[in-house]
Amino acid sequence: MSDPTERPELRAAGSHLHPGALVRLHGLGAVDPHHVPTEPGDLRFADGSRTAAQVLIDADERVTLWVAEYTTAAGTTIAERVWSVHPAPDGSGDVLLRIGARLP
């Protein structure tokens, strides 16, 4: 993200998230994956559906992903959720977020 006003772009490989799924956080360059930007971004799913999402890091440096409610291309409404995530760089300047447990 070269423009500091640009929202982070996240992409999911499927139409919904589940433990083990991968979300790609694009265009960060060389960053520590545990200190990814925490401003809200746009999450795009493989079926074309979109929603707001935000990577959050708490005081203990636990990383989570908040995902706003959205409707899949098939018409299924997915409620707002928070997931634990495990970030890792992928060598291309992106960060991969492996989805962990759904949090309350």
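**View 1. The bridge between Asp42 and Ala52 in the hairpin of β3 and β4.** In this predicted model, Asp42 has Ala52 as its bridge partner in β4. The two strands concerned, β3 (residues 41-44) and β4 (residues 50-57), pair in the antiparallel sense, and four bridges join them. Five residues lie between β3 and β4 in the hairpin that they form, and in its turn Gly48 has a positive phi of about 95°.

**View 2. The hairpin of β4 and β5, with Val55 opposite Leu65.** Strand β4 also pairs with strand β5 (residues 63-67), in the antiparallel sense and over five bridges. Within this pairing, Val55 stands opposite Leu65 of β5. β4 and β5 form a hairpin with five residues between them, and the turn contains Glu61, whose phi is positive at about 65°.

**View 3. The aromatic pair of Phe45 and Tyr70.** The count of aromatic pairs comes to one. Phe45 and Tyr70 make up this pair, which is stacked, with 4.3 Å from centre to centre and 15° between the planes. Because Phe45 lies in the loop between β3 and β4 whereas Tyr70 belongs to strand β6 (residues 70-71), the pair ties together parts that are 25 residues apart in sequence. Is Phe45 buried or exposed? Phe45 counts as buried, its relative accessibility being 3%. Tyr70, with a relative accessible area of 5%, is buried as well; both values fall under the 20% below which a residue is called buried.

**View 4. Strand β1 and its two partners, β2 and β3.** Side chains alternate along strand β1 (residues 9-12): Leu10 and Ala12 point to one face and are buried, while Glu9 and Arg11 point to the other face and are not buried. Three bridges join β1 to β3, and these two strands run parallel; here Leu10 stands opposite Leu43 of β3. β1 is also joined to β2 by three bridges, but in this case the strands run antiparallel, and Leu10 stands opposite Leu25 of β2. Leu10 is thus set opposite Leu43 in β3 and opposite Leu25 in β2.

**View 5. The surroundings of Val23 in strand β2.** Val23 lies in strand β2 (residues 22-25), and with a relative accessible area of 0% Val23 is buried. Which residues are in contact with Val23, once its neighbours within four places in sequence are left aside? They are Leu10, Arg11, Ala12, Leu17, Leu43, Leu65, Val95, Leu96, Leu97 and Ile99. One of these contacts is with Arg11, and the C-alpha atoms of Val23 and Arg11 are separated by 5.4 Å, although the two residues are 12 apart along the chain. Leu65, also listed among the contacts of Val23, is the residue of β5 that Val55 stands opposite.

**View 6. The chain as a whole, for orientation among the close-ups.** The chain has nine strands and zero helices, so that, by the definition of strands and helices used here, its pattern read along the sequence is β-β-β-β-β-β-β-β-β. Of its 104 residues, 37% count as buried. Among contacts between residues at least 6 apart in sequence, 43% join residues that are at least 24 apart. The chain exposes about 5,700 Å², of which carbon and sulfur atoms supply 53%.

Conventions. Residues are numbered from 1 along each chain as its sequence is written. This is a predicted model: local features need pLDDT of at least 70, side-chain atom pairs count only at pLDDT 80 or more; totals for chains, interfaces and linings use all residues. Side-chain values use heavy atoms; hydrogens and water are left out. Buried means under 20% relative accessible area, exposed over 50%, partly exposed in between (1.4 Å probe, protein chains only). Contact means heavy atoms within 4.5 Å. Accessible areas come from the Shrake-Rupley method with a 1.4 Å probe; for residues, only the protein chains shown count as cover. Two strands pair if DSSP finds at least two bridges between them. Rings of Phe, Tyr and Trp (its six-membered ring) pair if their centres lie within 6.5 Å; planes under 30 degrees apart count as stacked, over 60 as edge-to-face and the rest as tilted.
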